[in-house]
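Welcome, and please open your viewer. We will go from one selection to the next, with a short note on what you find at each stop.

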Amino acid sequence: MKKDNCIFCKIANGEIPSKTIYEDEHFRVILDLGPAARGHALLIPKEHADNLYELPAELAAEVLPAAKKIAAKMRQKLQCDGLNLVQNNGETAGQTVMHFHLHMIPRYENDGQQINWIPGEPSEEELEAVMRQLAE
Ligand code: AMP
Ligand code: ZN
């Protein structure tokens with residue numbers, strides 16, 4: 001289902017033009033207009049889901065196979081040295097467009113880009129507590 005006034009619904013379904021590099025039954029992959037690096041693309045499902053939580057499991061299962069195809073193409077055609085997959089869920093996590101999308105960011109030696117986090121220094125007890133909380 002599409003959602004009214006969702007820009008990625010319109011883009012994914014071809015109602016708004018985009019720099020499309022791949023399209024199949026379920027997805028459209030477009031160039032990001034504010035790329036972190038050359039070839040930065042967004043894999044967007046044609047069906048609306050706000051985020052990963054809302055994405056139907058069957059569609060979620062199609063995301064990585066599609067991304068793998070694009071990844072191979074990026075390496076072959078752009079000769080990138082690496083690739084980051086980034087997927088933000090919720091404003092707190094940096095999501096600005098509330099329609100699930102997977103960032104595919106080709107990386108080049110010395111591209112000057114940073115896609116990183118500040119590593120924490122948890123105690124053994126804290127790691128143990130988190131493990132228990134999540135594993136049970
Ligand atoms: P996020 O912060 O994960 O929600 O990422 C949204 C991304 O969409 C950003 O990297 C934007 O540069 C990109 N973006 C927003 N609008 C468009 C658009 N119309 N076409 C292509 N990329 C877009
Ligand atoms: Zn949408």
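The tour begins at the ligand and ends at a histidine.

A word on conventions: this is a predicted model, where local features need pLDDT of at least 70, side-chain atom pairs count only at pLDDT 80 or more, and totals for chains, interfaces and linings use all residues. Residues are numbered from 1 along each chain as its sequence is written, chains are lettered from A and ligands numbered from 1 in the order in which they are written, and side-chain values use heavy atoms, with hydrogens and water left out.

**Stop one: the ligand's neighbours.** Select ligand 1 and the 16 residues around it, meaning those with a heavy atom within 4 Å. Asp-32, Gly-94, Thr-96, His-101 and His-103 come nearest.

**Stop two: its polar partners.** Show N or O pairs within 3.5 Å. The side chain of His-101 places an N or O atom 2.9 Å from a ligand oxygen. For Gly-94, a backbone N or O atom lies 2.8 Å from an oxygen atom of ligand 1. At Leu-33, pick the polar backbone atom 3.3 Å from a ligand nitrogen.

**Stop three: a buried histidine.** Now select His-48. Is His-48 buried or exposed? His-48 counts as buried because its relative accessible area is 16% (buried is under 20%, exposed over 50%, partly exposed in between, using a 1.4 Å probe and protein chains only). Add Asp-50 to the selection: the side chains of His-48 and Asp-50 make a polar contact at 2.7 Å (within protein, one atom must be able to donate a hydrogen and the other to accept it, and residues adjacent in sequence count only if both atoms are side-chain atoms).
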